[in-house]
Amino acid sequence: MRDPSHPTGASGILPAMKPVRVGVAGAGHWAADFHAPMMASSADTALSAVYGRRFEAAAGIADEHGAIATDDFEEFLRHCDAVAFALPPDVQCRLAPIAARAGKPLLLEKPLALTLDDAKAMVAEIDAAGVPTQMVLSKRYSSRIRDFLAEVRDFPVHGARTSFISGAFLTNSPFATPWRLEHGAVLDVGPHVLDLLDAVAGPIEQISFTGDPLDCVAVTTVHAGGAVGQAYISSVVPGNVWDCAVFGPEGVLAVPDADDAEREEIKRTIAKEFAETVRTGRSHDLDVHRGLYLQELIQG
């Protein structure tokens, strides 16, 4: 007898699940290079609409993927089941609650907002709306990092070290945007760094920053289990360094180097897991409250 909780078609085969219609809010470099192709190429999602304050920019992205373009956010919401944000933090924190009140699950960027007060207000409104959320803490969607975290789970960590060094804020970089140049690398990439330190060494109980946020910053963390972490952050150095290692009485564990396919793997995983977040109505483990916790560490 057929299980009525698992409906099938006449052939007895489960009907294909429709892709989640995701609208991308944003029409800048990150929307065009990451969010839009991520949602358009996944079997679990479909890029349905692109919102941009400049219609021409939104149309340029939407036309490439067969989506609707608009500079009207309310109209944009009518064409999607869920929203992926690729906007500056001050714009995200203003528009995300509007999308949440419209019942749209949210894929959010870090930081949530430019100030901690605005981030808290945004989270309160999202909580009141009751929609599920997920954060784009991109490295956490890599199998390389997930395997490393699984290995660290049974490893006694006494210390952790990581670096996030790049030239992202240098002239002609698409990431050298006004808010990043004004607020510095700690607010931009600090959430990635602190999220990883917290994941490998436990909840962060103390944190200190040394240096210039517009140049180079050293971060020291003390964790609930007594482990100490150290991180270096800069976005004005030509080249790229990203690494992480933990050490303790059993030795040293380090993250393996990334391969060329990792970026596409991350995009596939984010889209797949966001579709699951939307379909189940349950927030991801990396949800808006994770984003708020990381922002409190930086600005609290």
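## Exercises on a predicted model

Pro111 sits in the loop that links β5 to α5 (116-129). The model you are working with is a predicted one, so keep it open beside you as you go.

### Exercise 1: A proline and an asparagine in loops

**Task.** Find the form of the peptide bond from Lys110 to Pro111, cis or trans. Then describe the backbone and surroundings of Asn172.

**Solution.**
- Step 1. Start with omega: for the bond from Lys110 to Pro111 it is near -10 degrees, and the bond is cis.
- Step 2. Move on to Asn172, which belongs to the loop between β7 and α7 (178-183).
- Step 3. Look at phi of Asn172: the angle is near 75 degrees, a positive value in a residue that is not glycine.
- Step 4. Check accessibility. The cut-off for exposed is over 50%, and Asn172 has a relative accessible area of 76%, so Asn172 is exposed.

### Exercise 2: Reading the open sheet

**Task.** Work out the strand order of the open sheet of six strands, and say which strands form its edges.

**Solution.**
- Step 1. Trace the order across the sheet: β3-β2-β1-β4-β5-β6, with parallel pairing.
- Step 2. Pick out the strands that pair on one side only; these edge strands are β3 (68-70) and β6 (133-135).
- Step 3. Consider the twist: ignoring direction, neighbouring strands here are turned by 25 degrees against each other on average.
- Step 4. Zoom in on one pair. Strand β1 (residues 20-25) and strand β4 (residues 82-85) run parallel and are joined by four bridges. Gly23 stands opposite Val83 of β4.
- Step 5. Add a helix: α1 (residues 29-41) lies across β1, β2 (45-51), β4 and β5 (106-108), and runs at about 140 degrees to β2.

### Exercise 3: A strand with two partners

**Task.** Compare how β7 pairs with β10 and with β11, and decide how enclosed β7 is.

**Solution.**
- Step 1. Take β10 (residues 228-234): this strand runs parallel to β7, and seven bridges join the two. One anchor point to find is Ser163, whose bridge partner in β10 is Tyr232.
- Step 2. Take β11 (residues 240-248): here the pairing with β7 is antiparallel, over eight bridges. Ser166 has Asn240 as its bridge partner in β11.
- Step 3. Recall the general rule: strands of a sheet pair through backbone hydrogen bonds, either parallel or antiparallel.
- Step 4. Turn to burial. Strand β7 (residues 159-166) is largely enclosed by the rest of the structure, because seven of its eight residues are buried.

### Exercise 4: Packing and the core

**Task.** Describe how helices α6 and α8 pack, then identify the residues with the most contacts inside the largest nonpolar core.

**Solution.**
- Step 1. Locate the helices, α6 (residues 143-152) and α8 (residues 185-201): their axes are 9 Å apart, at an angle of about 35 degrees.
- Step 2. List the contact residues: Ile145, Phe148, Leu149 and Val152 from α6, with Leu196, Ala199 and Val200 from α8.
- Step 3. Sort them by type: seven are nonpolar, none polar and none charged.
- Step 4. Widen the view. The largest nonpolar core has 97 residues, and Met39, Phe85, Leu106 and Leu108 have the most contacts inside it. The largest share, ten residues, comes from α8.
- Step 5. Follow Leu106: beyond four places in sequence, its contacts include Val83, Phe85, Ile126 and Phe274.

### Exercise 5: Two buried residues

**Task.** For Leu294 and Asp198, find the contacts beyond four places in sequence.

**Solution.**
- Step 1. Leu294 is in helix α10 (residues 288-299). With a relative accessible area of 1%, Leu294 is buried.
- Step 2. Its contacts are Leu137, Pro191, Leu194 and Asp195.
- Step 3. Asp198 is in helix α8 and, at 10% relative accessible area, is buried.
- Step 4. Asp198 contacts Pro203, Ile204, His223, Arg290 and Tyr293.

### Exercise 6: Cysteines

**Task.** Find how many disulfides the structure has, and check Cys93 and Cys216.

**Solution.**
- Step 1. A search of the whole structure gives zero disulfides.
- Step 2. For Cys93, the nearest cysteine sulfur belongs to Cys80, 19 Å away. Cys93 counts as buried, at 16% relative accessibility.
- Step 3. For Cys216, the nearest cysteine sulfur is that of Cys244, 17 Å away. Cys216 is partly exposed, with a relative accessible area of 35%.

How values were computed: Residues are numbered from 1 along each chain as its sequence is written. This is a predicted model: local features need pLDDT of at least 70, side-chain atom pairs count only at pLDDT 80 or more; totals for chains, interfaces and linings use all residues. Side-chain values use heavy atoms; hydrogens and water are left out. Buried means under 20% relative accessible area, exposed over 50%, partly exposed in between (1.4 Å probe, protein chains only). Contact means heavy atoms within 4.5 Å. Axes are lines fitted to C-alpha atoms, for helices over the stretch in contact, and angles run from 0 to 180 degrees between N-to-C directions. Ala, Val, Leu, Ile, Met, Phe, Trp, Tyr, Cys and Pro count as nonpolar, Asp, Glu, Lys and Arg as charged, and the others, Gly among them, as polar. Two strands pair if DSSP finds at least two bridges between them. A nonpolar core is a set of buried Ala, Val, Leu, Ile, Met, Phe, Trp, Tyr and Cys residues joined through side-chain atoms within 4.5 Å. A disulfide is a pair of cysteine sulfur atoms within 2.5 Å.
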